[in-house]
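Please open the model in your viewer and keep the selection tool at hand. The tour below goes from stop to stop, saying what to select and what is there.

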Amino acid sequence: MSVEPTEFRVQGLGITDLAAEFGTPLYLYDGEALRSRITALRELLHPRLEIFYSLKSNPNVSVCALLHAHGARAEVSSMAELLTARKAGVQPRDIMFLGPGKSRAELTECLTQGIYAIICESLPELDLIEELAAELGVVAPVALRVNPSFAVKGSGLTMGGKPRQFGIDEAQLLAAGPLGKEFEHVRLMGVQAYMGTRILSEDAIVENTRRILELAGRIADHHAFGLEMVDVGGGLGVSYFEGERDLDLGVLAGAVNPVLDAFARSHPQTRLIMELGRYLVAESGTYVTRVRYTKTSLGENFAVADGGTNHHMAAVGIGSFVKRNFPIRVLNRYAEPATETWNITGPLCTPNDTLGKKVSLPPLREGDLIGVERSGAYGPTASPVNFLSHGYPAEVLVNDGRAHLVRSADSAEDLLAKQHLIDLPQAAS
């Protein structure tokens, strides 16, 4: 992405022309930013560490395909995500499936496609995998997701180390008898743990990694299975809010690589895996809306845009006690100084539809293009896109200097297509 004196540009393409061609609201992704991110990770982190892209952060098939083209594997959590990864060209040997509520159909598809690992999140799920694998006459490769007894500080949303629906408690696993030889159609082969998301401390990531690797060894020894893989989670964050700072990838690599190297040397046949979603895609994306109306209310400025939290619920500040704004700019007058304070709202009939509260911006006018930056992760698929029946926005990926429509916006006809009108008596006139 680049900035000319007058407007925001992506690989030389101006936002005014892009908005005119594809309409607004839309999500705009910079393919060069995606490529740079995955490439930097692979160059700086330990060569034995494989990056698995978490599709939950952005399941667009072209985004997945671009990351895969530059070395990312896939971590999926639903049937659609599994099929998306396959359509994007990811081979089954490079796909993991996790999630606490897998269906029989999803597990059967995993076994049929022969993916690398099913991440098992409970002992009943282990029994179901055994049953389904027996029906298919296969042996299922299964990694145990462990909810560790320890917690590491520094995550924006804690996923482990406390009572959670994810994984099997470390204490429960260590109290159980060896599971490695208990199943005829399950091959225990790995350990996964995921401590939390939005981690902005290099030290916390290193500590997570060190403790998970140690835990994996203990779990594998206790249950008598060979450690074919260890997934150390991920959770690398990006800064959104005032006062936060981005991770220093060089500092992180310098601290975590020796930890990974020691483990790799003692486990030469074990795949080392890190799951990343937000860190790979967030910076590449901008949510673009157009101002429809400007108004004042009780002394405050409001810009009502054609898109809002129906497409970008994360901008509300989920997980924060205090509403904090994502970085917001006027894209068509990018260099103009901020001299006023504006509330940026969307088209929904709720006061919660506020993308930005008291944002410092230049004077706004109808037709301006507002950009919510760092929005490539947890955008429309993590938002109530069908509220007020506005539907899904368009998604555009700029790659090699060309803009590609990678998802069409929903039309009213799209939204009505799956509804069924029942027969009713004619209303009295």
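How many disulfides does the structure hold? The structure holds zero disulfides, a disulfide being a pair of cysteine sulfur atoms within 2.5 Å. Before the first selection, note that this is a predicted model, in which local features need pLDDT of at least 70 and side-chain atom pairs count only at pLDDT 80 or more, while totals for chains, interfaces and linings use all residues. Residues are numbered from 1 along each chain as its sequence is written, and side-chain values use heavy atoms, with hydrogens and water left out.

**Stop one: cysteines**

Select Cys64 and then Cys110, whose sulfur is the closest cysteine sulfur to that of Cys64 but, at 15 Å, is too far for a bond. Cys64 is buried, with a relative accessible area of 2%; here buried means under 20% relative accessible area, exposed means over 50%, and partly exposed lies in between (1.4 Å probe, protein chains only). Cys110 is also buried, with a relative accessible area of 2%, and the cysteine sulfur closest to its own belongs to Cys120, 12 Å away and too far for a bond.

Now move to Cys349, which UniProt lists for "active site" in an unreviewed entry; UniProt positions are given in the numbering used here, feature names are shortened, and annotations may be inferred rather than shown by experiment. Is Cys349 buried or exposed? At 70% relative accessibility, Cys349 counts as exposed, and its place is the loop between β19 (340-345) and β20 (354-361). Helices (H or I, at least four residues) and strands (E, at least two) are DSSP runs, numbered from the N terminus.

**Stop two: strand β22 and its partners**

Select residues 394-399, which make up strand β22, and you will have a mostly covered strand in which five of the six residues are buried. On one side of the pairing list is strand β4 (residues 26-30), which pairs with β22 in the parallel sense over five bridges; two strands pair if DSSP finds at least two bridges between them. To see one of these contacts, select Tyr27 together with Glu395, its bridge partner in β22.

Next add strand β23 (residues 402-407), which pairs with β22 in the antiparallel sense over five bridges. Asn399 stands opposite Arg402 in β23, and the two strands form a hairpin with two residues between them, where Asp400 in the turn has a positive phi of about 50°.

**Stop three: aromatic rings**

Go back to Tyr27, which forms one aromatic cluster with Tyr29 and Tyr287. The structure holds six aromatic pairs, where rings of Phe, Tyr and Trp (its six-membered ring) pair if their centres lie within 6.5 Å, and planes under 30 degrees apart count as stacked, over 60 as edge-to-face and the rest as tilted. One of them joins Tyr240 and Phe241, whose ring centres are 5.8 Å apart with planes at 50°, so the pair is tilted. Both Tyr240 and Phe241 are buried.

Two arginines are also worth selecting with their rings. The charged end of Arg37 sits over the ring of Tyr279, 3.8 Å from its centre, a charge being over a ring if NZ of Lys or CZ of Arg is within 6 Å of the ring centre and within 35 degrees of the ring normal. Arg407 lies over the face of Tyr392, at 3.7 Å from the ring centre.

**Stop four: salt bridges**

How many salt bridges are counted? The count comes to 27, a salt bridge being a side-chain nitrogen of Lys or Arg within 4 Å of a carboxyl oxygen of Asp or Glu. Select Glu50 and Arg73, which form a salt bridge with their closest N and O atoms 3.1 Å apart. This pair links distant parts of the chain, since Glu50 is in strand β5 (residues 49-54) and Arg73 in strand β6 (residues 73-76), 23 residues apart. Glu50 counts as buried at 14% relative accessibility, whereas Arg73 is partly exposed at 23%. Widen the selection to Arg93, Asp94 and Arg271, which are linked with Glu50 and Arg73 in a network of salt bridges.

Finish with Asp261 and Arg265, whose side chains meet in a salt bridge (2.7 Å, N to O). Being four residues apart in helix α9 (residues 249-266), they are separated by about one helical turn. Asp261 is partly exposed, with a relative accessible area of 24%, and Arg265 counts as exposed at 65%.
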